[in-house]
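Colleague: I would like a close look at one part of this model. Please take me through it in one go, then place it in the rest of the chain.

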Amino acid sequence: MTILVTGGAGYIGSHTCIELIKDKHNVIIIDNFYNSSPDVIDKIEKITGTRPKLYPISLLDKKNVKKVFEENKIDAVIHFAGLKAVGESVEKPLMYYRENIYGTIVLLEEMKEHEVKKIVFSSSATVYGIENNPPYTEDMKTDAINPYGYTKVMIERIITDVCNSDSQWKAALLRYFNPIGAHESGLIGDNPNGIPNNLMPYIQKVAVGEQKMLKVFGNDYPTPDGTGYRDYLHVVDLAIGHIKALESIDKFDGAVPINLGTGKATSVLELIHAFEKASGVKIPYEIVERRTGDLAVCYADTKKAETLLEWKTKFSIEDMCRDSWNFINNNK
Ligand code: WQD
């Protein structure tokens, strides 16, 4: 099939493009490189031997998004493109609503106009908000505690309403938990510009000496070791989950939310120790106060993905740490 991947040069997008090409799909990428770089396209070609067709545009550029659909016979869309820094979304809500919501509306309008009615959407566990208790199940009420989270809740709603308006539309709303790790080649991985918000990219920066010390945001949570517990999954497992969603989407009735996680929770301290073991590098850290908005525990109920997509994660925390270290050590 010909698959349009928005945000295909990003961390999860690029790993998904590699799996799509391995499965003989024809991949077209839209990416404005706001949070990624053009050399990722070269790396996808180096890893797979195939260079995806690239449109270096923003989804807000309606005229050129239309051209993508006019110039290519697209069978389905995987939609990653969007801003995703929680803290930044609190400071700049309008930017987040414009980029994430309006960008998605432009995409959906062009899909509708060109009769492309299958979409896999990059959603997030953040839609479970603070009222629900883990393990999270897909029937739980969604909510958010920051503009970034609200864009995910709203986009799920928009896609669901489009599917309800036309029964030919099918959508997989994939709710990611905490993706970490990197492709075994060490050529691509999670290396955000600037100071990372997320735990593993920050550990990576400490490991290569770009940051001196990791701050552990609180060890007074009601958890076994007092630090936050999360459902970390390998980015390649996550990418394969997208392939499985594409393969299953024709049997969906409208828009279907699906958790992509391991179903297990790992603490901050456990992840630090696993990384130290995998890399042989000591990660100095200090315990500081909690980060506003953080949950104590967040992990997935994975039954729906196992039954509907015949998908479950294969990589361990040790694999994720080994591959994260291999990537950052090759790209320092
Ligand atoms: C994990 C744990 C922190 C950094 C976020 C987004 C979510 C999704 C995934 C996009 C927590 C602790 C972190 C640090 C720390 N993104 N931590 N020191 O917050 O679970 O989820 O990323 O969809 O929407 O909210 O991930 O990696 O930021 O934090 O102690 O320097 O690590 O307190 O317990 P989080 P995270």
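Which residue in β12 stands opposite R230? Start there, please, and work outwards.

Modeller: It is T266: R230 stands opposite this residue in β12. One caution before going on: this is a predicted model.

R230 belongs to strand β9, residues 229-230. β9 and β12 pair in the antiparallel sense, over two bridges. They are part of an open sheet of three strands. The order is β12-β9-β14, and the pairing is mixed. The edge strands are β12 (266-267) and β14 (297-298), each of which pairs on one side only. As for what holds such an arrangement together, strands of a sheet pair through backbone hydrogen bonds, in either the parallel or the antiparallel sense.

R230 also takes us to the ligand. It is listed among the closest residues there, along with Y148, L199, K215 and D294. In total, 18 residues surround the ligand. By class, this shell has eight nonpolar, six polar and four charged residues. Which strand gives the most to the shell? That is β8, residues 214-217, with four residues.

Now the polar atoms. The side chain of Y148 has an N or O atom 2.5 Å from an oxygen atom of the ligand. For D294, a polar side-chain atom lies 2.6 Å from a ligand oxygen. F217 takes part through its backbone: an N or O atom there is 2.9 Å from an oxygen atom of the ligand. The ligand taken alone would expose 690 Å², and the protein buries 88% of that.

Step back to the whole chain. It has 11 helices and 14 strands. The C-alpha trace spans about 55 × 45 × 40 Å along its principal axes. The radius of gyration is 19 Å; a compact globule with 332 residues would be near 20 Å, so the two agree. Of those 332 residues, 56% count as buried.

Next, a run of parallel pairings elsewhere in the chain. Begin with β1, residues 2-6, where L4 lies. L4 has a relative accessible area of 0%; it is therefore buried, the limit being under 20%. Its C-alpha atom is separated by 8.0 Å from that of D75, although the two residues are 71 apart along the chain. β1 and β4 run parallel, joined by four bridges. T6 stands opposite H79 in β4.

β4 covers residues 76-79 and also pairs with β5, again in the parallel sense, over three bridges. H79 has F121 as its bridge partner in β5. For V77, the partner in β5 is I119. Which way do the residues of β4 point? A76 and I78 point one way, V77 and H79 the other, and all are buried. Alternation is the general pattern: in a regular strand the side chains switch between the two faces of the sheet.

β5, residues 118-124, is mostly covered, with six of its seven residues buried. Seven bridges join β5 to β6, residues 170-176, and these two strands run parallel. One pair to look at is S123, which stands opposite R175 in β6.

The loops on either side of β5 hold two backbone details. Before β5, in the loop from α5 (93-113), sits E115. E115 has a positive phi of about 55° although it is not a glycine. Is E115 buried or exposed? Its relative accessible area is 58%, over the 50% limit, so E115 is exposed. In the loop between β5 and α6 (147-165) lies P135. A cis peptide bond joins P134 and P135, with omega about 0°.

A further positive phi occurs at E310, which is not a glycine either; the value is about 50°. E310 is found in the loop between α10 (303-308) and α11 (317-330). At 62% relative accessibility, E310 counts as exposed.

Back to your starting point. R230 faces T266 across the β9 and β12 pairing, and R230 is also one of the closest residues to the ligand.

How values were computed
Residues are numbered from 1 along each chain as its sequence is written. This is a predicted model: local features need pLDDT of at least 70, side-chain atom pairs count only at pLDDT 80 or more; totals for chains, interfaces and linings use all residues. Side-chain values use heavy atoms; hydrogens and water are left out. A residue is near a molecule or strand if one of its heavy atoms lies within 4 Å of it. A polar contact is a pair of N or O atoms within 3.5 Å; within protein, one must be able to donate a hydrogen and the other to accept it, and residues adjacent in sequence count only if both atoms are side-chain atoms. Accessible areas come from the Shrake-Rupley method with a 1.4 Å probe; for residues, only the protein chains shown count as cover. Ala, Val, Leu, Ile, Met, Phe, Trp, Tyr, Cys and Pro count as nonpolar, Asp, Glu, Lys and Arg as charged, and the others, Gly among them, as polar. Two strands pair if DSSP finds at least two bridges between them. The radius of gyration is taken over C-alpha atoms; the globule rule is 2.2 Å times the number of residues to the power 0.38. Buried means under 20% relative accessible area, exposed over 50%, partly exposed in between (1.4 Å probe, protein chains only).
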